[in-house]
Amino acid sequence: MIAHVDMDAFYVSIEMLRHPELRGKPVVVAHDGPRGVVTTASYAAREFGVHSALPLVVARRRCPQLNVLPVDMQLYRRGSRRVMETLAEFSDSVEVVGLDEAYVDLSASPVPQSRAREIKRKVTAATRLACSIGLGPNKLMAKIASDLDKPDGLFVLTEGNWLETVGARPASLLPGVGPRTFERLRAIGVETVADLAAAEPGSLEHSFGPRHGPALRERGNGVGARSLTTERVRKSESRETTFPHDVSDRALMAETVERLGAAVCESLADHGRSGRTVTLKIRLTPWRTHTRSRTLPSPTRDPEAVIGVARELLERFDPEDPVRLLGVGVAGLVGDAPDDVPETHDAPARDAPAREGAPAGASGARQLSL
DNA sequence: TCTGGGGTCCTAGGACCC
DNA sequence: TCTGGGGTCCTAGGACCC
């Protein structure tokens with residue numbers, strides 16, 4: 001069995017540890033500003049229809065008494081490290097998916113359900129945070145199971161109860177079925193997971209192609225990967241920024257591209273990596289996103305080189321309409337010479353504040369210190 | 001209601017090579 | 001002289017995920 005461990009309202013729950021007066025209240029973590037969106041919403045906020053990815057202006061309209069906290073990634077990264085260290089005690093095979101979720105292979109355990117309960121206890125003891133766990137014979141079922149009993153839940157999906165449990169749910173419940181795919185599915189009469197599971201293979205292939213079509217049908221039947229990917233090497237790095245208000249000033253665009261390019265190179269240097277393809281991303285008003293890229297003969301993380309290319313791409317694109325977002329990225333990453341050294345996982349940020357009295361690597365059931 | 005930031009993977013066309 | 005097919009790289013855009 002595979003477990004999918006999903007922290008409940010992770011960023012907000014961590015913030016509650018240092019703002020106990022906000023417990024039970026509608027709280028979101030968000031980049032504030034005229035174009036901010038909700039990153040995470042507390043369960044009290046969700047009762048007002050406030051959820052992640054919702055524009056902040058809409059969130060405040062739905063919930064005038066909403067508490068908006070700024071994003072503190074350093075803090076959430078520390079919390080995440082504590083969670084992942086705890087999970088590593090339960091299996092050699094752990095796949096970290098984001099700061100707040102991971103798969104844990106419990107195949108070695110004869111009693112995966114009690115192991116899962118043990119994981120929940122240990123995670124909470126180590127962090128004072130709750131999580132939900134899904135169990136399943138593969139990643140897909142485990143992932144969906146973790147959503148079925150939130151928060152602080154535990155749910156098991158198997159081939160035996162798959163269709164009776166989720167068959168009537170919309171197909172968009174499945175990972176990989178986003179808004180676009182769901183619309184196209186509905187256009188051919190596929191509304192639910194059960195519809196997808198029983199769909200005519202020919203009509204799926206006709207609509208989605210020889211690869212995507214059959215893959216969708218398999219997902220509808222709960223078929224998914226049974227082994228985890230424990231090591232992942234980053235393939236690109238980027239920085240982007242949305243302006244509070246649209247920009248037409250070329251000098252400001254150029255300055256922004258410089259700042260973003262420098263930030264990307266600084267991060268690449270921290271990770272000991274370089275890349276060959278420089279990409280400029282431009283989002284115009286109204287909401288059209290474009291990219292322009294150039295591949296260099298050899299990998300670089302030299303700010304002058306990266307910024308130089310990015311500025312040329314900007315000049316070449318020459319946006320006519322106001323610009324709402326600019327981004328600079330470097331892809332095709334390789335590690336430092338001589339050999340392609342894999343990046344160090346989650347290297348500490350260079351200006352991470354020193355932790356008081358907490359020796360690095362100390363483990364055990366200490367609580368998340370703030 | 002009007003949409004952040006950081007990623008991954010896929011597709012499709014054109015260039016180029018064998 | 002005119003022609004096929006496969007493979008790889010590059011570029012641009014799109015869907016999706018956390």
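Here are some notes on the predicted model of a protein chain with DNA strands B and C.

1. Domains first. The assignment for chain A lists domain 1 (10-71), domain 2 (162-220) and domain 3 (236-338). Between domain 2 and domain 3, the C-alpha centres are 37 Å apart.

2. Now the packing. The largest nonpolar core has 32 residues, and Phe10, Leu87, Val104, Ile119 and Ile133 are the ones touching the most other members. Elements giving two or more residues to it include strand S1 (2-7), helix H1 (10-18), helix H4 (73-88), helix H5 (112-127) and strand S7 (131-136). The top contributor is H1, with 6 residues. There is also a second, separate core of 24 residues, with Leu296, Phe317, Val328 and Leu333 among them.

3. Phe10 is worth a click. Leaving aside residues up to four places away in sequence, Phe10 touches Thr40, Tyr76, Gly79, Ser80, Val83, Leu99, Asp100 and Leu129.

4. On to DNA strand B. It has 20 residues around it, of which Arg35, Arg61, Ser236, Glu240 and Thr242 come nearest. S9 supplies the largest share of this surface, 7 residues, while helix H3 (56-62), strand S9 (236-247) and strand S12 (323-335) each put in at least two. By residue class, the surface near strand B splits into 6 nonpolar, 4 polar and 10 charged.

5. What does the protein meet on strand B, backbone or bases? Of the strand B atoms within 4 Å of the protein, 84% are sugar or phosphate and the rest belong to bases. If you want specific pairs to look at, a polar side-chain atom of Thr242 is 2.5 Å from a phosphate oxygen of strand B, and a backbone N or O atom of Glu240 is 2.6 Å from a phosphate oxygen of that strand. For Arg234, a side-chain N or O atom sits 3.3 Å from a sugar or linking oxygen of strand B.

6. DNA strand C has 18 residues around it, and Lys143, Gly176, Thr181, Ser293 and Thr295 come nearest. The surface near strand C divides into 4 nonpolar, 7 polar and 7 charged residues. Of the strand C atoms within 4 Å of the protein, 100% belong to sugar or phosphate.

7. Which protein atoms pair with strand C phosphates? Polar backbone atoms do so at Thr291, 2.9 Å from a phosphate oxygen, and at Gly178, where the distance is 3.0 Å. Arg292 uses a polar side-chain atom, 3.2 Å from a phosphate oxygen of strand C. Helix H8 (179-187) and strand S11 (288-300) are the elements giving two or more residues to this surface, and S11 has the largest share, 6 residues.

Conventions
Residues numbered from 1 in each chain as written. Chains lettered and ligands numbered in written order. Predicted model: local features only at pLDDT ≥ 70, side-chain atom pairs only at ≥ 80, totals over all residues. Heavy atoms only, no water. Core = buried A, V, L, I, M, F, W, Y, C linked by side-chain atoms within 4.5 Å. Buried < 20%, exposed > 50% of the residue type's maximum accessible area, 1.4 Å probe, protein only. Helix = DSSP H or I, 4+ residues; strand = E, 2+ residues; numbered from the N terminus. Contact = heavy atoms within 4.5 Å. Near = heavy atom within 4 Å. Polar contact = N/O pair within 3.5 Å; in protein donor to acceptor, adjacent residues only side chain to side chain. Nonpolar A, V, L, I, M, F, W, Y, C, P; charged D, E, K, R; others polar. Domains from an automatic or database assignment.
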